[in-house]
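What do strands, buried residues and enclosed spaces look like in this chain? The report below takes a few sites in turn.

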Amino acid sequence: MKAVVYHGPRQVSVDEVPDARIERPTDVLVRITATNICGSDLHMYEGRTDFEQGRIFGHENLGEVVEVGDAVDKVQVGDMVSAPFNVSCGHCENCEHGLTNYCLRANEPGIAGAAYGFADMGPWPGGQAEYLRVPWGDFQCLRLPEDARDKQDDYVMLSDIFPTGWHATEMSGLKPGESIVIYGGGPVGQMAALSAITKGAALVMVVDRHPDRLRLVEQIGAVPVDDSKGSPVDQVMELTTGRGADRGCECVGYQAHDPQGHEDNADTLNKLVASVRFTGGIGTVGVFVPQDPGGPDELSQRGKARFDFGNFWFRGQQMGTGQCPVKRYNRHLRNLIAADKVTPSWIVSHDLSLDQAAEAYKHFDAREDGWTKVVLHPGQSS
């Protein structure tokens, strides 16, 4: 089968690889029809992780079930399904407590949590390919309604970024009628903004500097905050009459840059602390890593950050962190899409074939204007 294979920093190609196949009775084999390039794929694409050469990218996957193992009971051939990026067994202690983001069985002993095609998240091949093996298929697969093929660009967001954006607002403690500031207007930040608006936030502010992203947030009623035109903290304070936002979301991660291009992994965290009111809450879903060999200084290379804990403590804030437990939210978010209450595909800029993946990575990585979200469609001609 064809798959997007990593060959070193900023080098990917669509190669012929061994077919994905049923390996255990609980497996489901999915023919991928839509798979996203995620902003977190770029950490690996840029060589800022220990992702091994020869592995397949892709953790935002949707497709049609073409084969099931003998022990699969619920999922059937022909079902259209969304596969959460968290690989999880469903019956370890963490999974039983709803913490599928930290499954104790899907990674090597001593590491909780796993994902398809992701550094340090287990051996699972990614889904930027023609086929994907989904282990523990009955537990993992979210079956989609009859309009799944027509609304693939919406439902494909259920595997990661829509639940992740929702999770950021959940961890922040957002309540209807409150204000929230979101740092990062990439795909996850856009989904956090959509989530906050869906939940009834009175004021949603999104900090970024890319005009295409800022235009997108305006389309759903959020307020764009352009940090290239002045301090985002000052702008948030002005929008909130000097009080600060009730809640905040970090949707950038460890490769944060200031408007002048200086990389600082604590930049957005410290600005969030300063932008959120006393006793407010922050949800951090941007990726941070325990080691970053390509970091700009020794501290960041050891996965540490110059976080302003003094101001954070003084303001009495709370913060939630970590990857999203997709299964906690994906069923309900699926229902919102099916009922036409939300249309997360509004961020999609490019629907491309799998063969165009290498070109797509170059444009998306360069943050070229208009490349806000790429969906690859294996089986689609170029």
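H262 sits in the loop between β11 and α9 (267–275). Helices (H or I, at least four residues) and strands (E, at least two) are DSSP runs, numbered from the N terminus. This is a predicted model, in which local features need pLDDT of at least 70, side-chain atom pairs count only at pLDDT 80 or more, and totals for chains, interfaces and linings use all residues. Residues are numbered from 1 along each chain as its sequence is written, and side-chain values use heavy atoms, with hydrogens and water left out.

**Two histidines**

H262 counts as exposed because its relative accessibility is 51%. Buried means under 20% relative accessible area, exposed over 50%, and partly exposed in between (1.4 Å probe, protein chains only). Leaving aside neighbours within four places in sequence, H262 is in contact with A256 and H257. Contact means heavy atoms within 4.5 Å. The C-alpha atoms of H262 and F51 are 25 Å apart, with their positions 211 residues apart along the chain.

H377 belongs to strand β15 (residues 374–377). Its relative accessibility is 10%, so H377 counts as buried. Beyond residues up to four places away in sequence, H377 touches T33, A34, Q152, D153, D351, L352, S353 and L354. The C-alpha atoms of H377 and D19 are separated by 17 Å, while the two residues lie 358 residues apart along the chain.

**Positive phi**

T241 has a positive phi although it is not a glycine. R367 is another residue other than glycine with a positive value. G221 takes its positive phi just after α7.

| Residue | Phi | Place |
|---|---|---|
| T241 | about 50° | loop between α8 (232–239) and β11 |
| R367 | near 50° | loop between α13 (357–365) and β15 |
| G221 | about 95° | just after α7 |

T241 is exposed, at 76% relative accessibility. R367 is partly exposed, with a relative accessible area of 38%.

**Strand pairing**

Two strands pair if DSSP finds at least two bridges between them. Strand β3 (residues 28–37) and strand β4 (residues 61–68) pair in the antiparallel sense, over 7 bridges. There V28 stands opposite V68 in β4. β4 also runs antiparallel to strand β5 (residues 80–83), joined by 4 bridges. G63 has V81 of β5 as its bridge partner.

Strand β11 (residues 245–250) runs parallel to β12, with 5 bridges between them. R247 has G281 in β12 as its bridge partner. Of the 9 residues of strand β12 (residues 276–284), 7 are buried, so β12 is largely enclosed by the rest of the structure.

**D27**

D27 lies in the loop between β2 (12–16) and β3. Is D27 buried or exposed? D27 counts as buried, because its relative accessibility is 1%. Its side chain makes a polar contact with the side chain of R133 at 2.6 Å. A polar contact is a pair of N or O atoms within 3.5 Å; within protein, one must be able to donate a hydrogen and the other to accept it, and residues adjacent in sequence count only if both atoms are side-chain atoms. The side chain of D27 also reaches the backbone nitrogen of E23, at 2.8 Å. Not counting residues up to four places away in sequence, D27 touches R21, I22, V68, G69, V72, R133, V134, P135 and W136.

**The cavity and α7**

The structure holds 1 cavity of 30 Å³ or more. The largest cavity has a volume of about 30 Å³. On a 1 Å grid over the protein atoms alone, a cavity is a set of points where a 1.4 Å probe fits but cannot get out, and lining residues have an atom within 4 Å of a point. Grid points are joined across faces, edges and corners, and a volume is the space filled by probe spheres set on the points.

G185, G186, P187, Q190, R213, L216, I347 and T372 line the largest cavity. The elements giving two or more residues to this lining are α6 (187–198) and α7 (211–219).

The buried residues of α7 are D212, R213, L214, L216 and V217. Their cover includes α6, β9 (203–208) and β10 (223–226).

Definitions and conventions: 1 Å grid on protein atoms, 1.4 Å probe; cavity = no way out; pocket = protein on both sides within 12 Å on 5 of 7 lines; lining within 4 Å.
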